[in-house]
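I opened the model to look up its sheets and the surroundings of its ligand. My entries are below, in the order in which I made them.

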Amino acid sequence: MDVEALEQAALAAVAAARSTDAIEAVRVEYLGRKSALKLALREVRDRETGMTLNAARERVESAVAAREAELQRAELDRRLSEERVDVTLPLGGYPRGRLHLITQIRREVEDVFLGLGYRVVDGREVETTHYNFDGLNFPPGHPARSRLHSLFIDDDTLLRTETSPSQIRTMEAEQPPIYIVSLGRVYRRDTPDATHTPVFHQVEGLAVDEGITLADLTGTLDFLLKALFGQGRRTQFRTHYFPFTEPSIEAYVSCHVCDGAGCPVCRHSGWIEVGGAGMVDPKLFEFVGYDAERYSGFAFGWGLERIAMLRHEFPDLRELWRNDLRFSRQF
Ligand code: DAH
């Protein structure tokens, strides 16, 4: 066996290797267990041949190691320069959050009334039966007073069933003129279905001043309805009944789907009911110590979920609570 020729071939292969993979192949070929050199070493019988072979093996080994280190450094350098991170590049796609639809509508309503010179006041979610019922002229035995319909904490305390108690609290604390809206959660003992959830939101409005008339109420609600549903909508008011208003009305907006012609969305009436309102019953003024001869006022209370559903035409109220991003992202 020509050890010198073998060593020359090995060293030439080492010099020709251009990658760490290639140098590994050279190592296997010239120094691996089945290489000519290793096989020859295993067969050695005399000391001199052994020394020659070992010396050649050591030279090839150190040549492979040196070349390998060189190639590793070069590959690292190349990776570092190619994979450089440019920290000044703008980031493309941070996901952006948005306000929940109910929060958006809440702010829209607040903006409308702030623009009309109203104040936004906070109510209480835990109320007494005095403010939730008695002060609002609910008769004894009214169904809403029942534990079947409302969520009581004790005999005199409950989760408010409407935002109307904020009317009484505001009138007790202040003298007219009063122009306020109060928005927040209300609670009813309802089983969730497509049009009911036990927690929902209302906006309450109250205006008390000298000379306030029903025309002020309908004008204000007309303004609000057009801001929420579009300037092209028509509005209509029909008589109704609430214990705390006299007369009481219910506000309707022309159907946005058929524009009044009649379709399944408006149950072929052309009109969609939005919520209640009325002239403050003088009894409430007596309760809070206002001069009912001098002052008059109007009030209204509407559900924000209902506004959302009517405006965006989704069929199930519960979507607002599911937090499925495929739903929420549409608004
Ligand atoms: N509180 C009523 C309800 O929850 C809504 C309402 C109707 C509020 C007429 C008012 C009003 O202030 O004047 O159904």
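The entries take the sheets, then the helices packed on one of them, then the ligand.

Entry 1, status. I am working from a predicted model.

Entry 2, the seven-stranded sheet. I looked up the strand order and read S1-S5-S6-S10-S9-S8-S7. The sheet is open and its pairing is mixed. I then checked the edges, which are strand S1 (119-120) and strand S7 (235-242). Each has a single partner strand, so one side of each has no neighbour in the sheet.

Entry 3, the S1 edge. I followed S1 to strand S5 (residues 178-187) and found the two running parallel, joined by two bridges. Val 120 is placed opposite Val 181 in S5.

Entry 4, helices on this sheet. I looked up what helix H8 (residues 214-229) lies across, and noted S7, strand S8 (245-254), S9 and S10. Helix H8 runs at about 30° to S10. Helix H10 (residues 304-312) also packs on the sheet, where it touches S5, S6, S9 and S10. The direction of H10 makes about 150° with that of S9.

Entry 5, the three-stranded sheet. I read the order S2-S4-S3 for this open sheet, with antiparallel pairing. Strand S2 (126-128) and strand S3 (152-154) are the edge strands, each pairing on one side only. Neighbouring strands here are turned by 30° against each other on average, with direction ignored. I counted three bridges between S2 and strand S4 (residues 157-159), an antiparallel pair. For Glu 127, the bridge partner in S4 is Leu 158.

Entry 6, the ligand shell. Which residues come nearest to the ligand? Of the 15 around the ligand, I noted Glu 162, Gln 167, Arg 188, Gln 202 and Glu 204. By class, the shell holds five nonpolar, seven polar and three charged residues. I also asked which strands supply at least two residues of the shell each. Strand S6 (199-209), strand S9 (271-280) and strand S10 (296-303) do so.

Entry 7, polar atoms at the ligand. I looked up distances for three side chains. An N or O atom in the side chain of Glu 162 is 2.6 Å from a nitrogen atom of the ligand. For Gln 202, a polar side-chain atom lies 3.0 Å from a ligand oxygen atom. In the side chain of Glu 204, an N or O atom is 2.5 Å from an oxygen atom of the ligand. The ligand has 360 Å² of accessible area on its own, and the protein covers 90% of that area.

Definitions and conventions
Residues numbered from 1 in each chain as written. Predicted model: local features only at pLDDT ≥ 70, side-chain atom pairs only at ≥ 80, totals over all residues. Heavy atoms only, no water. Pairing = 2+ DSSP bridges. Axes fitted to C-alpha atoms, helices over the stretch in contact; angles between N-to-C directions. Near = heavy atom within 4 Å. Polar contact = N/O pair within 3.5 Å; in protein donor to acceptor, adjacent residues only side chain to side chain. Areas by Shrake-Rupley, 256 points an atom, 1.4 Å probe, with all protein chains shown as cover. Nonpolar A, V, L, I, M, F, W, Y, C, P; charged D, E, K, R; others polar. Contact = heavy atoms within 4.5 Å.
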